[in-house]
Amino acid sequence: MLKRFETLETPFYYYDLDILENTLKALTKESAKYNFHVHYALKANANNEILEIIKQYGLGADCVSGNEVLKA
């Protein structure tokens with residue numbers, strides 16, 4: 001484990017936003033080839049900052065609850 005994380009209280013969530021953006025770029029590029037519209041399942045992660053980044057790439061929202069619809 002990286003030393004900088006050893007003193008943090010848990011639960012702790014670390015998001016590598018560079019990896020997320022690179023993944024979203026590849027996803028949108030490849031899905032456009034087939035005219036697919038990808039939807040992100042909010043149940044996977046409903047962190048507001050993460051959702052905002054996903055929204056910037058034009059993904060739709062897959063929601064199963066009223067709260068997820070409101071968040072989307």
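These legends walk you through several close-up views of a predicted model.

**View 1. The salt bridge between Glu30 and Lys33.** Welcome to the first stop, where two charged side chains meet. Searching the whole structure turns up one salt bridge. Its partners are Glu30 and Lys33, whose closest N and O atoms are 3.1 Å apart. Both residues belong to helix α1, which covers residues 17–33. Because Glu30 and Lys33 are three residues apart in this helix, about one helical turn separates them. Side chains of opposite charge can pair when their charged atoms come close. How accessible are the two partners? Glu30 is partly exposed, at 36% relative accessibility, while Lys33 is exposed, with a relative accessible area of 53%.

**View 2. Asn45 in the loop between β1 and α2.** Here we move to a loop that links a strand and a helix: β1 spans 39–41, α2 spans 48–56, and Asn45 sits in the loop between them. Is Asn45 buried or exposed? With a relative accessible area of 16%, Asn45 is buried, because it falls under the 20% limit. Who surrounds Asn45? Setting aside neighbours within four places in sequence, Asn45 is in contact with Tyr15, Tyr40, Ile50 and Leu51. The side chain of Asn45 also has a polar atom that lies 2.8 Å from the backbone nitrogen of Asn47.

**View 3. Asn47, a second asparagine in the loop.** Stay in the loop between β1 and α2, where Asn47 is found as well. Asn47 is partly exposed, and its relative accessible area is 29%. Its backbone nitrogen is the atom that lies 2.8 Å from a polar side-chain atom of Asn45. The side chain of Asn47 has a contact of its own: one of its polar atoms lies 3.0 Å from the backbone nitrogen of Ile50. For a sense of scale, look across to Val64, which is 17 residues away from Asn47 along the chain. The C-alpha atoms of Asn47 and Val64 are separated by 16 Å.

**View 4. Glu68, a buried charge in helix α3.** Helix α3 is made of residues 66–71, and Glu68 is one of them. Glu68 is buried, yet it has no salt bridge. Which side chain of opposite charge is nearest to Glu68? That is Lys43, at 6.9 Å. This distance rules out a salt bridge between the two, because a salt bridge needs the atoms to be within 4 Å. The backbone of Lys43 tells another story: its nitrogen lies 3.5 Å from a polar atom of the Glu68 side chain. Not counting residues up to four places away in sequence, Glu68 touches Leu42, Lys43, Asp62 and Cys63.

**View 5. A nonpolar patch formed by Leu8, Phe12 and Tyr14.** This view turns to the surface, where Leu8, Phe12 and Tyr14 form a nonpolar patch. Together these residues have about 290 Å² of accessible area. Phe12 is placed in the segment before α1, and Tyr14 is found in that segment too. Phe12 is partly exposed, with a relative accessible area of 39%, and Tyr14 is also partly exposed, at 48%. How far is Phe12 from Lys71, which is 59 residues away along the chain? Their C-alpha atoms are separated by 22 Å.

**View 6. A cis peptide bond between Thr10 and Pro11.** Follow the backbone here. The peptide bond joining Thr10 and Pro11 is cis, and its omega is about 5°. Pro11 is located in the segment before α1. Thr7 lies in this segment as well. Thr7 is exposed, with a relative accessible area of 72%. Between the C-alpha atoms of Thr7 and Lys43 the separation is 29 Å, and the two residues are 36 apart along the chain.

**View 7. Asn35 and its positive phi.** Our last stop is the loop between α1 and β1, home to Asn35. What is phi of Asn35 near? The value is near 60°, which is positive in a residue other than glycine. Asn35 is exposed, and its relative accessible area is 71%.

Definitions and conventions. Residues numbered from 1 in each chain as written. Predicted model: local features only at pLDDT ≥ 70, side-chain atom pairs only at ≥ 80, totals over all residues. Heavy atoms only, no water. Helix = DSSP H or I, 4+ residues; strand = E, 2+ residues; numbered from the N terminus. Buried < 20%, exposed > 50% of the residue type's maximum accessible area, 1.4 Å probe, protein only. Polar contact = N/O pair within 3.5 Å; in protein donor to acceptor, adjacent residues only side chain to side chain. Contact = heavy atoms within 4.5 Å. Patch = residues over 30% accessible without salt bridge, like charges linked within 9 Å, V, L, I, M, F, W, Y side chains within 5 Å. Areas by Shrake-Rupley, 256 points an atom, 1.4 Å probe, with all protein chains shown as cover. Lys, Arg positive; Asp, Glu negative; His and termini not counted.
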